[in-house]
Amino acid sequence: MRPLPELTAENTAFWTGGANGKLMIAFCKDCASAIHPPQLICPQCWCEEIESKPVSGTGTVYSYTVNHQPWAPDMKVPFALAVVDVDGAPGVRVSAEVVNADPDSITIGQQMRVSFMNVDDVWFPQWEPVL
Ligand SMILES: [Zn+2]
């Protein structure tokens, strides 16, 4: 099975937002920068006032790869990993597996929406094409 991320003060909102169906992104309260991966200090202005807020959960494919290597015995291949520019969070790209799509059908610029896969106390973001 896939390794689970370690939940920390800064990333718990991101990894558990899926429990409420929300893609949670960290924003600086001072300069409003979107910060990903989440951090406790804003890399733009060094402010320590960070808050996680839900974004719409849609985005645009910036890049993607199709993986033919089964990293675990029960892993289905091929599958696609997409790097998606997240709407409402300038500069933030979230890499995640693409579901409900033929891996060979994915294109750069394609519109995606987030869904989540729950494993223990983590909700992995997944991207699926907006039809
Ligand atoms: Zn800032």
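Hi everyone, let me begin with a term: a nonpolar core is a set of buried Ala, Val, Leu, Ile, Met, Phe, Trp, Tyr and Cys residues joined through C-beta atoms within 7 Å. Buried, in turn, needs 20 or more other C-beta atoms within 10 Å of the residue's own; exposed is 12 or fewer, partly exposed is in between, and the C-beta atoms are placed from the backbone.

Before we use that, two notes on the model. What you see is a predicted model, where local features need pLDDT of at least 70 and side-chain atom pairs count only at pLDDT 80 or more, while totals for chains, interfaces and linings use all residues. Residues are numbered from 1 along each chain as its sequence is written.

Now the overall picture. The protein has one helix and eight strands, in the order α-β-β-β-β-β-β-β-β from the N terminus. These are DSSP runs numbered from the N terminus: helices are H or I with at least four residues, and strands are E with at least two. The C-alpha trace spans about 45 × 30 × 25 Å along its principal axes. The radius of gyration is 15 Å, which agrees with the value near 14 Å for a compact globule of 131 residues; that radius is taken over C-alpha atoms, and the globule rule is 2.2 Å times the number of residues to the power 0.38. Buried residues are 25% of the 131.

Let's go to the sheets. Two strands count as paired if DSSP finds at least two bridges between them. As a reminder, strands of a sheet pair through backbone hydrogen bonds, either parallel or antiparallel.

One sheet is a closed barrel of five strands, running S4-S5-S6-S8-S7 with mixed pairing. Its neighbouring strands are turned by 45° against each other on average, direction ignored; the axes here are lines fitted to C-alpha atoms, for helices over the stretch in contact, with angles running from 0 to 180 degrees between N-to-C directions. Within the barrel, S5 (residues 79–86) and S6 (residues 93–98) pair in the antiparallel sense over six bridges. If you want a spot to look at, Val84 is opposite Val94 in S6.

The other sheet I want to show is open, with three strands in the order S2-S1-S3 and antiparallel pairing. Strands S2 (34–35) and S3 (50–55) are at its edges, each pairing on one side only. S1 (residues 23–28) is joined to S2 by two bridges, with Ala26 opposite Ile35. S1 is also joined to S3, through six antiparallel bridges, and there Met24 faces Pro54. The hairpin of S1 and S2 has five residues between the strands, and Ala32 in this hairpin takes a positive phi near 70°.

So how many residues of S1 are buried? Six of its six. In a regular strand the side chains alternate between the two faces of the sheet. Here Leu23, Ile25 and Phe27 point one way while Met24, Ala26 and Cys28 point the other, and all are buried.

That brings us back to the core. The largest nonpolar core has 27 residues, and those with the most contacts inside it are Ile25, Ile35, Ala82, Val84, Val86 and Trp127. Two or more residues come from each of helix H1 (12–16), S1, S3, S5, S6, S7 (111–119) and S8 (122–129). S1 gives the most, with six residues.

Take Ala82 as an example. Leaving aside neighbours within four places in sequence, Ala82 is in contact with Val61, Tyr64, Ala96, Val98, Ile106, Met112 and Trp127; contact here is C-beta atoms, placed from the backbone, within 7 Å. Across the protein, among contacts between residues at least 6 apart in sequence, 50% join residues at least 24 apart.

Finally, some backbone details in the loops. The peptide bond from His36 to Pro37 is cis, with omega near -5°, and Pro37 lies in the loop between S2 and S3. The bond from Val77 to Pro78 is also cis, with omega near -5°; Pro78 sits in the loop between S4 (58–67) and S5.

Which loop holds Trp46? Trp46 is in the loop between S2 and S3, and its phi is near 65°, a positive value in a residue other than glycine. Trp46 is exposed because 10 other C-beta atoms lie within 10 Å. Asn100, in the loop between S6 and S7, has a positive phi of about 55° although it is not a glycine. Asn100 counts as exposed too, with 10 C-beta neighbours inside 10 Å.

Thanks, everyone!

Notes
Two residues are in contact if their C-beta atoms, placed from the backbone, lie within 7 Å.
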